[in-house]
Amino acid sequence: MPADAPAPPEERARAVAEGFTRLYGAEPEGVWAAPGRVNLIGEYTDFNDGFVMPLALPHTAVAAVSRRTDGRLRVHSADTGEGVVTLEVAELRPERGGAGGWAAYPAGVVWALREAGHEITGADLHLASTVPTGAGLSSSAALETVVALALNELYGLGRSRPELARIGQRAENAFVGVPCGVMDQMASACAAEGHLLHLDTRNLSLRQVPFDLAARGLALLVVDTRVKHALGDGAYAERRAGCEAGARALGVNTLREVEYARLPEALDRLDDPTVRACVRHVVSDNERVRRTIALLDAGDARAVGPVLTEGHASLRDDLRVSCPELDLVVATAVEAGALGARMTGGGFGGSAIVLVEAGDTAAVTKAVEDAFATAGHTAPRVFPAVPSAGARRLE
Ligand code: ADP
Ligand code: MG
């Protein structure tokens, strides 16, 4: 799956439809696309009812789908080298989800739609994605979202985009077994081209914020470190538990309710250093989202850079979810003249984002590549984060 300048989904729709026809012997009823994402700011806040600000990438999962009436679900990915996986819709159970490999994602969406009261009598699905997997760019949410949107339209379920995002999140939480928040699915389902999605995860209210970097002579780069440290899996759940413990100790439902102006008082009331660090990160990152919005509204995109770098320090030092490769990207990029940088997504590998003057793109990219080579790391993958459209029907 190529990472840079992926072919637009509109150009891939025919090939995916033809792949479907070869596999299943009939034309698909339709073809849909859903993108991966990067998050500009607001990390580990979405499971605390907080604020996030992702944008959709031009990298997309494209799926050709038809209904079935016999209760069978057949799924195939062009990207795995595996054959068609066949499942019985009525037999889908969360506890079996994990054992199902990648098919747990589409199967989980079907399960979650049925849990929500919808009759799904089966489907055939063939998929091809340009979202790199396991790079912190939400290939999983792209997959969930494309399946949820396709079934919503084919079965006439009438669910809104935010409702479909909740379905995708439920599939991932309960069926696949990953305790993620709702940001990734919301970005994939609701993003608009040329915009950031300013999202309040408490009620899923959202605002599309214009983000035309090129017009301001700026660029946002994604640096995929190509590493994923095993530590990440348990650590995410641990940080979640730390946030929940903090909310309990402070007598609030979620850390969203802790005002930034009151953060010092709140911290004084917490004894456990790990819980304190979780609270400090979440409350201050919500504030960084607020500051970022204010800066963008004021037309001062350059000043967002230092806010990103500050956010990275908080994720590195307080939440401790970064890793040497991500820290190296941020330190090197800033040293080489970037306006700011930070890890994005869950951390422990995956990707970082770098805000640069457009004219400095080549120099900053080279500095990061050289630093990785010197440190003996695998060469990173660097590409521009072009704010792209959310999920949609192609055919
Ligand atoms: P991320 O969402 O950051 O890319 P995850 O670990 O959450 O990483 O999700 C990656 C998983 O999603 C893969 O291991 C695979 O199970 C599934 N997946 C994503 N894209 C595809 C694809 N094109 N084909 C099959 N499975 C995919
Ligand atoms: Mg994921």
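Q: Why is Gly136 called buried?
A: In this predicted model, Gly136 has 27 other C-beta atoms within 10 Å, and a residue is buried if 20 or more other C-beta atoms, placed from the backbone, lie within 10 Å of its own (exposed if 12 or fewer, partly exposed in between), so Gly136 is buried. Local features need pLDDT of at least 70 and side-chain atom pairs 80 or more, while totals for chains, interfaces and linings use all residues. Residues are numbered from 1 along each chain as its sequence is written, with chains lettered from A and ligands numbered from 1 in the order written.

Q: What makes Ser77 count as buried?
A: Ser77, whose place is in strand E4 (residues 72-77), has 22 C-beta neighbours inside 10 Å and therefore counts as buried. Strands (E, at least two residues) and helices (H or I, at least four) are DSSP runs, numbered from the N terminus.

Q: How do you know that helix H3 is largely enclosed by the rest of the structure?
A: Ten of the twelve residues of H3 are buried, so H3 is largely enclosed; among them are Tyr105, Val109 and Trp111.

Q: Why does the length of H3 agree with what its residues should span?
A: The expected span is 1.5 Å times one less than the number of residues, so the twelve residues of H3 (residues 104-115) should span 16 Å, and its end C-alpha atoms are 15 Å apart, which agrees.

Q: Which strands does the open sheet contain, and in what order?
A: The six strands have the order E5-E4-E6-E3-E1-E13, with mixed pairing, where two strands pair if DSSP finds at least two bridges between them.
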